[in-house]
Amino acid sequence: MNKGGLGNRVGDLRQEIVGIDQPVPLLDGTSRPYVYLDNAASTPTFRGVQDKVNEFLTWYSSIHRGTGFKSLVASQAYDTAREIVAEFVGADPTNDVVVFGKNTTEAVNKLANRFSFQPDDMILATLMEHHSNDLPWRGRCRLEYVEVLADGSLDWEDYERKLIRWKGKIRLVTTTGAANVTGYLPPIYQMARFAHEHGALILVDAAQLAPHRRIQMGTPGSPDRLDFVALSAHKMYAPFGTGALIGPRAFFANGPPDTRGGGTIEIVSLEEVFWADPPDRDEAGSPNVVGAVALAASISILKRVGVEVLAEHETALTRYTLERMGQIPGLRIFGSSVPLCAQDRLGVIAFQLEGIPHAKVAAILGYEGGIGVRSGCFCAHPYVLRLLGTNPAEYERFKQRVLAHDRSTLPGLIRASFGCYNNIEDVDRLLDWLDRIRRGETRGEYELHVPSGAYRPRQFAANPTDYFSLR
Ligand SMILES: Cc1ncc(COP(=O)(O)O)c(C=O)c1O
């Protein structure tokens with residue numbers, strides 16, 4: 001692969017990242033520029049977002065209910081942020097509304113709370129969901145899951161079978177737009193079409209999808225329309241505590257909000273309450289205006305570069321990584337590992353190194369390589385345990401230990417996930433360190449911390465508060 005070409009195309013974007021190449025301390029007492037490969041968890045901040053937030057803070061004020069010029073400026077910024085988010089997901093401005101909240105988790109909980117279920121209603125989720133798009137639905141009505149295949153992809157036949165079997169009962173299909181473990185991209189528009197044909201709406205949890213691929217909710221009534229979309233700004237280079245739930249205004253105009261308080265009403269007496277129109281009805285309390293500004297600023301940058309350009313870059317990086325990982329003995333990738341199919345997945349790569357605990361690999365990468373990854377089950381226990389082929393007896397053993405505060409034997413994977421600014425040098429460093437770990441060429445003596453399951457080196461001297469302190 002042409003390293004120079006790839007590097008040059010994203011070179012400018014790399015300079016957009018706050019804290020890029022920040023030196024971090026290593027076990028041997030030296031320091032190195034950090035390589036961050038945990039973007040699926042949270043991305044760093046775009047410099048343009050930081051600048052826009054700083055500019056806005058001069059004008060920051062209470063919105064809507066405040067008077068004075070700063071309130072006017074802040075209110076129009078907040079309203080414009082809504083429009084920018086709606087455009088970004090291809091929502092229909094005449095039909096849809098953007099409800100701001102904390103993150104995707106809050107968005108999914110809101111949707112789950114706002115649905116009024118009848119006794120026979122059902123929800124159809126998939127087995128690849130993050131807990132945030134699984135747990136909010138549990139206990140609300142009957143919840144069924146679509147199976148996944150051995151490579152972690154959706155079992156389309158099972159999807160069809162279940163929608164046909166429970167036609168008219170399934171009110172909502174809820175699916176991730178991109179799996180946070182395997183990077184798999186479910187065919188969301190095809191899923192939407194089939195859901196609609198069988199009388200169900202669809203929610204796409206776009207926490208992982210939004211920073212990487214174009215989303216087109218589409219016009220109401222079109223067969224492949226996405227009815228609801230949820231996303232998080234901290235995965236989109238704007239970590240200021242905002243997320244959004246986008247869906248039909250008519251849906252949110254129906255029924256009381258799940259969270260009640262200031263800003264949610266038209267008028268209140270001691271006897272009665274008249275709820276405000278959407279989106280105010282569903283945004284109780286003072287909103288996170290700075291977060292909304294940050295998200296909108298980030299979207300503007302993503303659009304300026306072009307989501308397709310970012311996807312192309314990520315595909316090239318993923319293809320290269322899969323090719324090279326395939327050459328490391330004992331490295332097993334979970335999910336699609338075919339380099340030529342890299343365009344059909346995200347650069348979220350989960351793997352194991354034979355014979356070395358996942359948490360130990362992650363620790364060595366961090367303490368000795370200065371590389372940030374993640375290990376474990378990534379808030380997707382059912383999916384990861386399915387990928388690992390864990391049987392019920394094994395699960396029972398893990399469960400007993402975890403409940404006794406021992407996570408030392410909990411299985412898991414290591415995950416490297418790319419942001420739009422990562423380059424081939426980042427990948428090479430990861431691969432180099434994986435090879436060293438495999439060959440046992442590491443320095444540290446690691447202790448297992450049983451309650452957390454994390455490995456910590458005995459000799460690490462650096463103190464985080466020497467690098468950033470609030471006191
Ligand atoms: C697919 C998916 N859905 C939902 C979430 C939850 O996002 P948040 O923590 O921002 O609410 C995540 C977070 O990793 C995710 O990957």
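## Overall architecture

The protein contains 13 helices and 19 strands. The model described here is a predicted one. Along its principal axes, the C-alpha trace spans about 70 × 55 × 45 Å. A compact globule of 471 residues would have a radius of gyration near 23 Å, and the value for this protein is 23 Å, which agrees.

Of the 471 residues, 45% count as buried. Among the contacts between residues at least 6 apart in sequence, 72% join residues at least 24 apart.

## Confidence of the model

The average pLDDT of the protein is 95, and 98% of the residues score at least 70. An exception concerns residues 1–9, over which pLDDT stays under 50. For residues 1–9 the model has twelve contacts beyond four places in sequence. Where pLDDT is low, the predicted coordinates should not be read in detail.

## Two domains and their contact

The protein is divided into domain 1, made of residues 3–33 + 306–466, and domain 2, made of residues 49–303. The centres of domain 1 and domain 2, taken over C-alpha atoms, are separated by 29 Å. The contact takes 26 residues from domain 1 and 23 residues from domain 2.

On the side of domain 1 that touches domain 2, the elements giving two or more residues are α9 (307–325), β14 (348–353) and α11 (381–387). By class, that side of domain 1 has 16 nonpolar, three polar and seven charged residues.

## The ligand surroundings

Which residues come nearest to the ligand? Of the 14 residues around the ligand, they are N103, T105, H130, N180 and S232. By class, the shell around the ligand has two nonpolar, eleven polar and one charged residues.

## Helix α6 and its packing

Helix α6 covers residues 188–197, and its buried residues include I188, M191, A192, F194 and A195. An α-helix has 3.6 residues a turn, so residues three or four places apart point the same way. The buried residues of α6 pack against α5 (156–165), β7 (170–176) and β8 (201–205).

Q190 is also found in helix α6. Q190 counts as partly exposed because it has 14 C-beta neighbours inside 10 Å. After α6 comes G199, whose phi is positive, near 80°.

## Backbone features in loops

Two residues other than glycine have a positive phi and can be considered in turn: D21, with phi near 60°, and F378, with phi near 55°. D21 is placed in the loop between α1 (3–15) and β1 (23–25), and F378 is placed in the loop between β16 (374–376) and α11. Are these residues buried or exposed? D21 is exposed, because 12 other C-beta atoms lie within 10 Å, and a residue with 12 or fewer counts as exposed. F378 is buried, because 23 other C-beta atoms lie within 10 Å, and the cut-off for a buried residue is 20 or more. The loop that holds F378 leads to α11, and α11 is one of the elements giving two or more residues to the side of domain 1 that touches domain 2.

Another backbone feature is the peptide bond from P278 to P279, which is cis, with omega near 5°. P279 lies in the loop between β12 (273–275) and α8 (289–305).

## Separations across the protein

Three pairs of residues illustrate separations in sequence and in space, C-alpha to C-alpha. G221 and Q459 are 238 residues apart in sequence and 62 Å apart in space. G221 lies in the loop between β8 and β9 (228–232). G221 counts as exposed because it has 9 C-beta neighbours inside 10 Å.

F251 and A462 are 211 residues apart in sequence, and 52 Å separate them in space. F251 is found in helix α7, residues 249–252, and is partly exposed, with 17 other C-beta atoms within 10 Å. For Q190 of helix α6, the partner is R438, 248 residues away in sequence and 41 Å away in space.

Terms used: Residues numbered from 1 in each chain as written. Predicted model: local features only at pLDDT ≥ 70, side-chain atom pairs only at ≥ 80, totals over all residues. Domains from an automatic or database assignment. Contact = placed C-beta atoms within 7 Å. Helix = DSSP H or I, 4+ residues; strand = E, 2+ residues; numbered from the N terminus. Nonpolar A, V, L, I, M, F, W, Y, C, P; charged D, E, K, R; others polar. pLDDT = per-residue confidence, 0-100. Near = placed C-beta within 6 Å. Rg over C-alpha atoms; globule rule 2.2 N^0.38 Å.
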